[in-house]
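Subject: Structure to look at, cores and empty space

Hi,

Here is the structure I said I'd pass on. Have a look at it first, and then read on for what turned up inside.

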Amino acid sequence: MSLHHRHLLGLEGYPAEDIQTIIDTAFTFREVLDRPIKKVPSLQGKTIVNLFFENSTRTRISFELAQKRLSADTVNFSASTSSLKKGESFKDTVQNIEAMKIDACVMRHPTPGAPLRLTEYVDAVVINAGDGTHEHPTQAILDMTSLQKKFGYLKGLKVGIIGDISHSRVALSNIYGLITMGAEVTLCGPATLIPPHIEELGVKINYNLDDVIEWADALNVLRIQMERMGISLFPSVREYRSLFGITTERLANHKKEIIIMHPGPMNRGVEIESAVADSDQAIILDQVLNGVASRMAILYLLLGGKAES
Ligand code: CP
C-alpha cells in the first residue's frame, strides 16, 4: 500500500485512489485511538519535525499526537522562538534542521507555495499543514474521513461550503478533494468572499443559504478570516450573521437532517451560533479526533511504516 506522490502538498490533481487509501487507513487508526493503549510501533525509528511559522492549535497538536501514537520521534519548531528572529534565512533554517537527520517535515506557513519551496531545500518528505490562502490538504482529508464515517460514501454526497471561500485554504482543499471523490459541492457566502471563476473547479454557487440548507447533506461552515482581509469585505457582522450565519432558528425552518462541520477555530455568534456548534447535529469534535487518525494514516503511508499488529 503506497501513495503516488512522495509529498503531500495539496489535493489539486491528487489521485482519487490515494485519497481513498488514506481514508481507509484512517479508519484503521481510528480503531487504535479507541483502544486503552493508543499507540502502535509503525513509525519507530522515524524522526519528524513540525515546522510552524504560523499559529495553530488543532493541526499542530493533532500532528504531534499522530506522530507519538505511531511511535515516531518528534521535534517541534516554532518560528517565533527560533534564530529566524536573528535574521537566519528560511533555507538555512530548514537545511540545518534536516542536517540532524529528519525523515519528514510537517509545515504550516503564511506564504502560499512555501511547502513546495521546502521540497527544493530538503530531501525529507514534506507535508503541507496549511500554506496561506492556498491549501490545507490534511484538513480536507480529515473532513472527507468524517463525511465518509457519517454517511458511508462520498460519491454523490451534497456538501455546502459556507462563508469566506476567498481566504480559505480549507475550502480550496475540500473543493479539490470532494470533486475528485465524486461529491457535489455548492459554495455560499457574500459575493465579495467567493473567488471569480471558481465554478471552473466543478462547484456551484448559490448565494441563498436557505436553498443550500434545503439541498445539502452536510454544511462545512468556515471562519471569517478578518486577519487576511485588507478591508472589510462585507458591511457588518450583524448583516453577515443574518444572511449567512448558521443558527438553530434557520435550521429549524428546514425539516431535515443535516450535518454541520467547522474546521475551527470558530467565531461563535458570527458564522455559527453556539447552540448549533454544541448540538448533536455538529460533528466538529469528531472531525478533530478523525484528524489525528487521518494524520496517522498520512504519515504512515508517506513514511512507509511497518504494518502494525
Ligand atoms: N483547522 C485548523 O487548521 O485549525 P488550527 O489553525 O488551530 O490548526
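By a nonpolar core I mean a set of buried Ala, Val, Leu, Ile, Met, Phe, Trp, Tyr and Cys residues joined through side-chain atoms within 4.5 Å. Bear in mind that this is a predicted model.

With that meaning, the largest nonpolar core runs to 61 residues. Phe29, Ile127, Met144, Ile161 and Leu187 are the ones with the most contacts inside it. The helix to click on here is α11, which gives this core its largest share, nine residues. There is another core apart from that one, made of 23 residues, and Leu219, Ile224, Phe244 and Ile258 are among them. As a general point, nonpolar side chains in soluble globular proteins tend to be buried together.

Now the closed space. How many cavities of 30 Å³ or more does a search of the whole structure find? Just one, and it holds about 60 Å³. To find it on screen, select its lining: Arg58, Ser62, Gln139, Leu142, His262, Pro263, Ile284, Gln287, Val288, Gly291 and Arg295. Three helices, α2 (58-69), α5 (137-151) and α11 (284-302), each put at least two residues into that lining. Here too α11 supplies the largest share, this time five residues. Sorted by class, the cavity lining comes out as four nonpolar, five polar and two charged residues.

Then the open space. The largest pocket has a volume of about 390 Å³. Its lining counts 21 residues, and those nearest the centre are Arg108, Arg169, Arg223, Gly264 and Pro265. Two elements, α2 and α6 (169-180), give two or more residues to this lining. So α2 is one to keep highlighted, because it contributes at least two residues to the lining of the cavity and two or more to that of the largest pocket, with helices being DSSP runs numbered from the N terminus. What is the make-up of this pocket's lining by class? It divides into 10 polar, seven charged and four nonpolar residues.

The second largest pocket contains about 230 Å³ of space. It is lined by 14 residues, with Leu9, Gly10, Leu11, Glu12 and Glu135 closest to its centre. The split there is five nonpolar, six polar and three charged.

That's the tour. Shout if anything looks odd on your screen.

Cheers

Conventions: Residues are numbered from 1 along each chain as its sequence is written. This is a predicted model: local features need pLDDT of at least 70, side-chain atom pairs count only at pLDDT 80 or more; totals for chains, interfaces and linings use all residues. Side-chain values use heavy atoms; hydrogens and water are left out. On a 1 Å grid over the protein atoms alone, a cavity is a set of points where a 1.4 Å probe fits but cannot get out, and a pocket is an open set with protein on both sides within 12 Å along at least five of seven lines; lining residues have an atom within 4 Å of a point. Grid points are joined across faces, edges and corners, and a volume is the space filled by probe spheres set on the points. Helices (H or I, at least four residues) and strands (E, at least two) are DSSP runs, numbered from the N terminus. Ala, Val, Leu, Ile, Met, Phe, Trp, Tyr, Cys and Pro count as nonpolar, Asp, Glu, Lys and Arg as charged, and the others, Gly among them, as polar. Buried means under 20% relative accessible area, exposed over 50%, partly exposed in between (1.4 Å probe, protein chains only).
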